[in-house]
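Here's a quick briefing to read with the structure open beside you. Have a look at the model first, then work through the topics below.

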Amino acid sequence: MKDLKYLAAFSIPLMAIIGLIFKGVWVWATPIFAFVCIPVLELVFPIDNKNLEPNEIDTKLKKNIFDWLLYFNLPVVYSILIYGLLLVSISPLETYEIIGLIVSVGIVLGVNGINVGHELGHRQTTNERFIGKALLLPSFYMHFYIEHNYGHHLHAATPEDPATARFNQSVYSFWFTSTIRQYFSAWKIQIKLLKNNNLSFISLKNDMLWFTILQLAYLLAVFSLFSITTFVFAVATGVVGFILLETVNYIEHYGLLRQQTKSGRYERVKEVHSWNSNHVVGRIVLYELTRHSDHHYKSSKKYQVLDCHEESPQMPFGYPTSMVLAMLPPLWFKIMNKRIPKEMMVS
């Protein structure tokens with residue numbers, strides 16, 4: 001039964017479905033659940049910093065249930081998205097209902113879309129990577145696959161990394177700097193990959209070109225099949241999805257910097273260069289993303305066997321709660337700045 005605890009990750013899509021069916025004030029069930037109920041539950045449930053024993057790791061890696069729980073997000077996310085598009089297109093909704101649905105569906109695109117896409121993007125099989133990329137599409141963040149795998153994991157916790165928030169940088173500033181820099185970084189990486197393989201820009205191996213075509217095709221299909229209001233809905237939900245991702249990026253490495261060696265190179269990525277959280281509810285809902293230190297230590301490691309490293313900087317709250325806290329920069333700085341190692345405090 002313990003293996004089925006990750007079914008709780010579908011509680012957010014469930015809230016979105018309730019909002020889509022019952023409409024009215026229920027359209028706000030998802031954001032209230034995600035950013036009010038879950039933070040409260042994180043304060044109630046105890047922190048669990050236990051790691052699996054070697055025999056337990058072997059057992060969990062052999063169970064396909066953990067992979068299928070990820071794959072199931074593909075039909076769930078797209079069903080909710082299509083349902084939302086149809087509802088906005090044919091139903092007479094109030095403005096507050098449309099906004100609530102944008103936020104709700106956007107949260108699903110971020111949590112069960114981009115987050116799961118991130119996990120599958122680290123897998124070695126083509127099918128799993130395909131599902132991961134498909135989950136990134138509705139949020140217009142397919143370039144994340146390239147930048148994250150070839151850029152972020154190389155440059156994390158350095159000024160060269162777009163997805164590492166600087167000391168005393170607000171989350172609102174980070175949304176712009178990270179989003180823009182990651183996109184251009186992905187193109188830079190893609191062009192370098194093409195050049196290294198003696199391939200032209202117009203090539204089947206140019207993923208960034210394909211990502212652009214697919215995302216534009218999605219928007220064109222929505223525009224052609226539905227109303228202009230539905231088109232705006234599709235764009236807005238995607239934006240909410242990637243802003244949610246960038247908020248997570250913000251708290252994952254905020255203020256943490258790797259030191260430069262005498263040669264000018266940065267020290268290797270260690271467990272101290274990512275914020276860790278052992279708050280149970282956030283761990284389950286986000287498929288152990290909160291054990292981010294171990295993820296960077298070994299990115300190929302599957303979510304169900306990630307470890308807690310005691311030397312990693314520990315967040316005082318879970319990731320969902322920390323995301324809410326980040327929206328209040330003065331309070332965030334007051335709580336988090338004193339937790340950053342002094343040698344890393346370079347703005």
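What follows covers one helix, a histidine site, the aromatic pairs and two single residues.

Keep in mind that this is a predicted model. The helix to look at is α10, which runs over residues 207-225. After that come H118, which is buried, and the aromatic rings, which form 20 pairs in the structure.

**Helix α10**

- α10 has 19 residues and spans 27 Å from its first C-alpha to its last, close to the 27 Å expected at 1.5 Å a residue.
- The buried residues in α10 are M208, F211, Q215, Y218, L219 and V222. Looking down the helix axis, you'll find the buried residues of α10 within an arc of 90°, so they line one face of the helix.
- That fits the usual geometry: an α-helix has 3.6 residues a turn, so residues three or four places apart point the same way.
- What do the buried residues of α10 pack against? Their partners are α5 (73-90), α7 (126-136), α8 (143-155), α9 (171-196) and α11 (228-253).
- Turn to the face of α10 pointing away from its buried side, and you get the exposed residues L216, L220, S224 and L225.
- Take L220, which belongs to helix α10: its relative accessibility is 55%, and since exposed means over 50%, it counts as exposed.
- From L220 to I243 is 23 residues along the chain, and their C-alpha atoms are separated by 22 Å.

**H118 and its partners**

- H118 sits in helix α6 (residues 95-121). Is H118 buried or exposed? With a relative accessible area of 8%, H118 is buried.
- Two other histidines meet the H118 side chain: a polar contact of 3.1 Å joins it to the side chain of H148, and another of 3.1 Å joins it to the side chain of H295.
- If you set aside neighbours within four places in sequence, the contacts of H118 are F144, H148, L289 and H295.

**Aromatic rings**

- Among the 20 aromatic pairs is Y172 with W175, an edge-to-face pair at 5.2 Å centre to centre with 85° between the planes.
- Y172 and W175 are 3 residues apart in helix α9, so about one helical turn separates them. Y172 is partly exposed, at a relative accessible area of 34%.
- W187 and F201 make a stacked pair, because their ring centres are 5.7 Å apart and their planes are at 15°.
- W187 lies in helix α9 while F201 is in the loop between α9 and α10, so this pair ties together parts that are 14 residues apart in sequence.
- The two partners are not equally covered: W187 is buried, with a relative accessible area of 17%, whereas F201 is partly exposed at 42% relative accessibility.
- Ring pairs also link F174, Y250, Y254, W332 and F333 into a cluster.
- A charge gets in on the act too: the charged end of K133 sits over the ring of Y145, 4.5 Å from the ring centre.

**I18 in helix α1**

- I18 is found in helix α1 (residues 11-22), where it is partly exposed with a relative accessible area of 22%.
- Not counting residues up to four places away in sequence, I18 touches K23 and W26.
- I18 and S89 are 71 residues apart in sequence and 18 Å apart in space, going C-alpha to C-alpha.

Definitions and conventions
Residues are numbered from 1 along each chain as its sequence is written. This is a predicted model: local features need pLDDT of at least 70, side-chain atom pairs count only at pLDDT 80 or more; totals for chains, interfaces and linings use all residues. Side-chain values use heavy atoms; hydrogens and water are left out. Helices (H or I, at least four residues) and strands (E, at least two) are DSSP runs, numbered from the N terminus. The expected span of a helix is 1.5 Å times one less than its number of residues. Buried means under 20% relative accessible area, exposed over 50%, partly exposed in between (1.4 Å probe, protein chains only). The arc is that of the directions from the helix axis to the C-beta atoms. Contact means heavy atoms within 4.5 Å. A polar contact is a pair of N or O atoms within 3.5 Å; within protein, one must be able to donate a hydrogen and the other to accept it, and residues adjacent in sequence count only if both atoms are side-chain atoms. Rings of Phe, Tyr and Trp (its six-membered ring) pair if their centres lie within 6.5 Å; planes under 30 degrees apart count as stacked, over 60 as edge-to-face and the rest as tilted. A charge sits over a ring if NZ of Lys or CZ of Arg is within 6 Å of the ring centre and within 35 degrees of the ring normal.
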